[in-house]
Amino acid sequence: MGDEIERRLVRKSLNDALRVNAMMMKKDAQDYTIAKLIRVDAPARRKWLESIFDVARRQSLKENLLSLADMENIMSQVVTTRSDRAAALFKAYDVPDFIDIEYSTATKIMQKPERRGQDSGDVRRMTDAYVQRFLFVQQRISRLTAFAGIKFQKIEDLLSISHPVEHTVVLAMLTQQKADTWHLEDLTGTVQVEFAPDCAYHEGLFSEGCVMIFEGTYQSLLFTATSVGLVPAERAEETRKAYGNANWFAGDEKLCFRSSNKLRVMAQYHGKEYIIALSDFHLDNPKVLTAFRKILDGYRYQPPIAYILCGNFSSQCRQPQTMEVLHRGFRHLASVLEEFEADHAETHFIFVPGPDDPPTQCVTPRLSLPSELCDEYLQRWPKCQFVGNPARVQLANSEIVVYREDVIEKLCRHAVNVPATEQELAKAAVQTVLSQAHLCPVPIHVSPVIWNLDHALRMPALPDTLIIADKFQPFHESSKECNVVNPGPFWATPHSFMLIRPYQREGGCAENRVSPWPRRPAKMQRLVMVVLCSALFAQIAQANLSIGRLVLLNGPRRAERSLTGNQMGIPEVAKRAQSQQSEAWPICSTSMERIATLRAQPHG
């Protein structure tokens, strides 16, 4: 009885799809299609129907009546397309392909949300964004053994206490509700906080909007912090053990890429593949295109699987002539790519817009570059792909997240502490981003986010590689089996870029630079060259002297010096030279007489 009901539901869905697409189907073809669709889970049938009729519309059918042979042909194409897509070695995903995942306090698992009719402008979506940022950090504490014996106080519990409380620990988000006043906020309430003069700041950047652990005393509606720290990040494998192997990344796959046997085998065969990432790729700067030409030429014999080019793509952003400048820049880029078309035929070129690239908007996520800018010039390269910001990339079973934003500057501008050195600052920023499981953990009024797309910035499980394209100096850090890299601005001299090998957990990233001038040889190399040249010239001079060429071709003064050597004990050389010259070259008698006169004169 259940199978018959299921068959009726499939038949109804198929008839509805036929009606929408203005097609008909013979009975045997309909039975064949229903038998195929009934094996698919109910949530995936809609996508299968869309794929079937998408292929059907591309067929050269004589009529709208589909026969059994037509459906067998169409179904084979659909199965091939879906299997090829699932087993792709490299694929870049745009924001609409990201999977929306949130933490449910009711079921204690990661799951897809149920919006129940909320639209993108609903203010509850903004509240949900802040709540999910807090829950993504809070749910991790229960699995960390370091906090097993620590009791975290809720803020509403502190507000109900009238006496002073010593050495209390709170997990809260740092907020600023009014000028020059900091507050701690969790899901139960908010309280004002002050930082003691001797407050101990552990590793990280403690910025507004971050969820942190505060230790201190509470008295009279005021929390005095004596120690501040971040909740440590955890490896992706540990997160997967707690919540399963569902796909939280992007695409139509049900399992995560790490759990795919086909992709795991593919990764073993392509373990040496690498990616080159560049940021601030100013197309209106001739030095940038010249340096990029050097990179293409340098890697032409072993090209990378992809170049990830991040904006801004123009140094003249938000100006009336920006579109014209970008048009010209992409035309020049196309001419550069034409020179290496044969060598980089299998290389992907991924373009990620910067914060000031068109279309001009001050919110995140950002749309991809307008197709009008580049279709005219890059249509010959089918592997050129324009995605939004952030973007996600799959390389076999490896997950890569790309985000172009000046994150470090925003974190420092709204932080209560800043490390002293740039190296410590880069490491602290990396620890903060990974701890918050969010690409830009600052308030929405600092970095505006589309409320219903805040999930595009979250990281339920840490990726294998995180590319934060920042205008800060280049760096690469590794934490919890996640490589975090910043290629640095490519327009600056020297032009820096990052070579990334996702399958190498340690040492898989290396900073490279394109020098504007050829490198000078080292001092030792210059000394060796001088010695070799001197020895070579000495051998040439000795050979010429042995055949008399120095005597006869350099005039009387050189002849006098050479004949002087004859009186000093080398008569054989001079005689042999004279005899060889007289045999080899017919010289004038005047020259011979002059040489004899010089030889007869006493030395001295």
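The following conversation between a student and a tutor goes through parts of a predicted model.

Student: How confident is the predictor in the protein chain, and where is confidence lowest and highest?

Tutor: The protein chain has a mean pLDDT of 83, and 82% of its residues reach 70 or more. Confidence is lowest in helix H16 (residues 555-567), with a mean of 40, whereas it is highest in strand E13 (residues 306-310), with a mean of 97. Over residues 549-592 the pLDDT is below 50, although this stretch has 41 contacts in the model beyond near neighbours in sequence. Where pLDDT is low, the predicted coordinates should not be read in detail.

Student: What makes strand E3 and strand E19 edge strands of their sheet?

Tutor: The sheet is open and holds 6 strands in the order E3-E16-E17-E18-E20-E19, with mixed pairing. Strand E3 (90-93) and strand E19 (475-479) each have a single partner strand, so one side of each is left without a neighbour in the sheet, and that places them at the edges. From one strand to the next, the twist averages 15°.

Student: How do you know that E3 and E16 are paired?

Tutor: Two strands count as a pair if there are at least two bridges between them, and E3 is joined to strand E16 (residues 391-395) by 4 bridges, so the condition is met, with the two strands running antiparallel. Within this pairing, Phe90 has Leu395 of E16 as its bridge partner.

Student: Which helix packs on this sheet, and which strands does it touch?

Tutor: Helix H13 (residues 422-436) packs on the sheet, where it touches strand E18 (465-469), E19 and strand E20 (482-486), and its direction makes about 45° with that of E19.

Student: Why is Asn397 called buried?

Tutor: A residue is buried when its relative accessible area is under 20%, and Asn397 is at 15%, so Asn397 counts as buried. Asn397 is placed in the loop between E16 and strand E17 (398-404). Leaving aside neighbours within four places in sequence, its contacts include Phe257, Arg258, Asp464 and Tyr503.

Student: Why is Arg235 called partly exposed, and what does it touch?

Tutor: Partly exposed lies between the cut-offs of 20% and 50%, and Arg235, at 24% relative accessibility, therefore falls in that class. Arg235 lies in the loop between strand E11 (222-229) and helix H7 (236-243). Not counting residues up to four places away in sequence, Arg235 touches Lys480 and Glu481. Arg235 and Glu481 are 246 residues apart in sequence, yet their C-alpha atoms are 6.4 Å apart in space.

Student: Where is Lys480 found, and what is noted about its phi?

Tutor: Lys480 is found in the loop between E19 and E20, and it has a positive phi of about 55° although it is not a glycine. With 39% relative accessibility, Lys480 also sits between the 20% and 50% cut-offs, so it counts as partly exposed.

Student: Is Ala437 buried or exposed, and where is it placed?

Tutor: Ala437 is placed in the loop between H13 and E18. Its relative accessible area is 5%, which is under the cut-off of 20%, so Ala437 is buried. Phi of Ala437 is near 55°, a positive value in a residue other than glycine.

Student: How do you know that E11 has both a parallel and an antiparallel partner?

Tutor: Strand E9 (residues 190-201) pairs with E11 in the parallel sense over 6 bridges, while 7 bridges join strand E10 (residues 211-219) to E11 in an antiparallel arrangement. Ser227 in E11 stands opposite Ala200 and also opposite Glu215. The hairpin of E10 and E11 has 2 residues between the strands, and in this hairpin Ser220 takes a positive phi near 55°.

Student: Which residues are joined by cis peptide bonds, and what is omega there?

Tutor: One cis peptide bond joins Thr364 and Pro365, with omega at about 0°, and Pro365 lies in the loop between strand E14 (348-352) and helix H11 (371-378). Another joins Asn389 and Pro390, with omega at about 10°, and Pro390 is found in the loop between strand E15 (384-386) and E16.

Student: What lines the second largest pocket?

Tutor: The second largest pocket holds about 470 Å³ of space. It is lined by 19 residues, of which Phe134, Gln138, Phe152, Lys154 and Leu171 are the closest to its centre. Helix H5 gives the most to this lining, with 5 residues.

Technical notes: Residues numbered from 1 in each chain as written. Predicted model: local features only at pLDDT ≥ 70, side-chain atom pairs only at ≥ 80, totals over all residues. Heavy atoms only, no water. pLDDT = per-residue confidence, 0-100. Contact = heavy atoms within 4.5 Å. Axes fitted to C-alpha atoms, helices over the stretch in contact; angles between N-to-C directions. Buried < 20%, exposed > 50% of the residue type's maximum accessible area, 1.4 Å probe, protein only. 1 Å grid on protein atoms, 1.4 Å probe; cavity = no way out; pocket = protein on both sides within 12 Å on 5 of 7 lines; lining within 4 Å. Points joined across faces, edges and corners; volume = space filled by probe spheres on them.
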